[in-house]
Amino acid sequence: MTETAYELAQVNIARLKAPLDTPLLKDFVDHLDPVNADADAADGFVWRLQSEEGDATAIPVLGDPWLIINMSVWRDTDTLTAFMYQGRHREMLGRRREWFERVEEAMTALWWVPEGHRPTVADAESRLLHLRTHGPTPYAFTLRTSFPPGGAESRIGEVPEGMGCSVI
């Protein structure tokens, strides 16, 4: 019997403080293409959700026009973490309060998908809502409390101070 190989799917959403075409969001919008290019070239990167424009900012999520979505697939939690907390992405993450509302509920969810599977926005919405309702489980988890592929025993991960989701 062959063992199924898995990849890590991640979704993060953010509630905009203003429309994307306003001066408040100019720096964020100006950095989208370079940060996406960094992700595309990063070790462990597999795939990301994008429209014909090359990003996912126009793709609706949870029926809320003020939310934007980012969804990608990575080899594992280590390669996702390495990308998130270095370089341009880390700089942008550090500035997120300039562009996005502070939200108490979980805005990021992770889950394992069979190698080669590309999750849909509906998949991402389901995982995010499950995490909000049940906390971290093998179905939907966080970098702080993650689960191995197919496993139920959680692992506590290292997330730099001030960089993670407020919900554990």
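Which hand does the crossing of α1 and α3 have, left-handed or right-handed? I looked this up first and found that the crossing of α1 and α3 is left-handed; the term applies if the near helix is turned anticlockwise from the far one by less than a right angle, and right-handed applies if clockwise.

I noted that this is a predicted model, in which local features need pLDDT of at least 70 and side-chain atom pairs count only at pLDDT 80 or more, while totals for chains, interfaces and linings use all residues. Residues are numbered from 1 along each chain as its sequence is written, and side-chain values use heavy atoms, without hydrogens and water.

Next, I recorded the geometry of the helix pair. Helix α1 covers residues 26-41 and helix α3 covers residues 87-94; they pack at about 150°, and their axes are 9 Å apart. Axes are lines fitted to C-alpha atoms, for helices over the stretch in contact, and angles run from 0 to 180 degrees between N-to-C directions. Helices (H or I, at least four residues) and strands (E, at least two) are DSSP runs, numbered from the N terminus.

I then listed the contact (heavy atoms within 4.5 Å). Helix α1 contributes Asp 27, Phe 28, His 31, Pro 34, Val 35 and Asp 38, and α3 contributes Arg 88, His 89 and Met 92.

Lastly, I turned to Trp 47, which lies in strand β2 (residues 45-48). Leaving aside neighbours within four places in sequence, Trp 47 is in contact with Met 71, Ser 72, Val 73, Arg 118 and Pro 119. The C-alpha atoms of Trp 47 and Gly 116 are separated by 9.4 Å, although the two are 69 residues apart along the chain.
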